[in-house]
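User: Could you take a close look at one part of this model for me? I would like to see how the charged and aromatic side chains are arranged around one residue, and how that part connects to the rest.

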Amino acid sequence: MLHVSFAMTSDAYADGTKTETRRFWKFAHALKFKPGSEFMGITKDFRAGGVRMHKARVIFCREEVLGDMSQESFEREGGTRYWPDRAAYIEAMGGGQGVPWVLRFEHLPETKEG
């Protein structure tokens with residue numbers, strides 16, 4: 001099971017409103033996120049005290065220029081909750097020329113084990 005850290009937007013992931021994230025991953029790491037594969041969100045890196053959250057399923061993972069991000073994509077990112085607007089988010093991520101990986105996902109229902 002893959003683990004993905006959502007750091008600042010953990011609350012939006014936890015309540016299911018975040019369905020997209022952008023990360024400056026290495027190519028080899030991004031390839032792990034194939035459509036249909038499952039991962040578990042974490043609040044931050046385990047080495048920094050992160051904890052597991054619930055599972056999600058990958059819809060797609062691809063590179064995208066930050067400046068090309070749509071308003072709808074900004075909203076799926078959970079952006080309206082943390083930044084005043086799309087432009088502020090893009091600036092916080094390093095500017096419109098950056099090319100992060102975009103991971104879109106759907107949340108999976110929690111199941112009781114044991």
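Analyst: Happy to help; what follows starts at E20 and then moves outward to the salt bridges and the aromatic rings. Please keep in mind that this is a predicted model.

Let's begin with E20 itself. E20 sits in strand β2, which covers residues 20–23. Is E20 buried or exposed? Its relative accessible area is 0%, and because buried means under 20%, E20 counts as buried. Leaving aside residues up to four places away in sequence, E20 touches S73, R76, E77, V102, L103, R104 and F105. Two arginines in that list deserve attention. With R104, the side chain of E20 makes a polar contact through the R104 side chain, at 2.6 Å. With R76, E20 forms a salt bridge whose closest N and O atoms are 3.0 Å apart. R76 belongs to helix α3 (residues 71–76) while E20 is in strand β2, so this pair ties together parts 56 residues apart in sequence. The two partners differ in their surroundings: R76 is partly exposed, with a relative accessible area of 25%, whereas E20 is buried at 0%.

Strand β2 has another charged pair to offer. R22 forms a salt bridge with E64, and here the closest N and O atoms are 3.0 Å apart. Since E64 lies in the loop between β4 (52–63) and α3, and R22 in strand β2, the pair ties together parts that are 42 residues apart in sequence. E64 is buried, with a relative accessible area of 18%, and R22 counts as buried at 1%. Salt bridges with shared partners then join K18, E20, R22, E64, R76, E77 and R104 into one network.

How many salt bridges does a search of the whole structure find? There are 10. One that involves other residues is the pair of R81 and D15, whose side chains meet at 2.7 Å, N to O. This pair links distant parts of the chain, with R81 in helix α4 (residues 79–82) and D15 in the loop between α1 (10–14) and β2, 66 residues apart. R81 is partly exposed at 43% relative accessibility, and D15 is partly exposed as well, at 42%.

Now for the rings, where F105 brings us back to the contacts of E20. The count for the model comes to 8 aromatic pairs. One of them joins F39 and F105 edge-to-face, at 5.5 Å centre to centre and 90 degrees between the planes. F39 lies in strand β3 (residues 38–42) and F105 in strand β5 (residues 101–107), so the pair ties together parts that are 66 residues apart in sequence. Both F39 and F105 are buried. Another pair is F74 with Y89: their ring centres are 6.0 Å apart and their planes are at 55 degrees, so this pair is tilted. F74 is in helix α3 and Y89 in helix α5 (residues 86–92), which puts them 15 residues apart. F74 counts as buried at 1% relative accessibility, and Y89 counts as buried at 1% too.

Which residues share an aromatic cluster with F105? Y13, W25, F33 and F39 form one cluster together with F105. Finally, a charge meets a ring where R62 lies over the face of F60, at 4.0 Å from the ring centre.

How values were computed
Residues numbered from 1 in each chain as written. Predicted model: local features only at pLDDT ≥ 70, side-chain atom pairs only at ≥ 80, totals over all residues. Heavy atoms only, no water. Helix = DSSP H or I, 4+ residues; strand = E, 2+ residues; numbered from the N terminus. Buried < 20%, exposed > 50% of the residue type's maximum accessible area, 1.4 Å probe, protein only. Polar contact = N/O pair within 3.5 Å; in protein donor to acceptor, adjacent residues only side chain to side chain. Contact = heavy atoms within 4.5 Å. Salt bridge = Lys/Arg side-chain N within 4 Å of Asp/Glu carboxyl O. Phe/Tyr/Trp six-rings, centres within 6.5 Å; stacked < 30°, edge-to-face > 60°. Lys NZ or Arg CZ within 6 Å of the ring centre and 35° of its normal.
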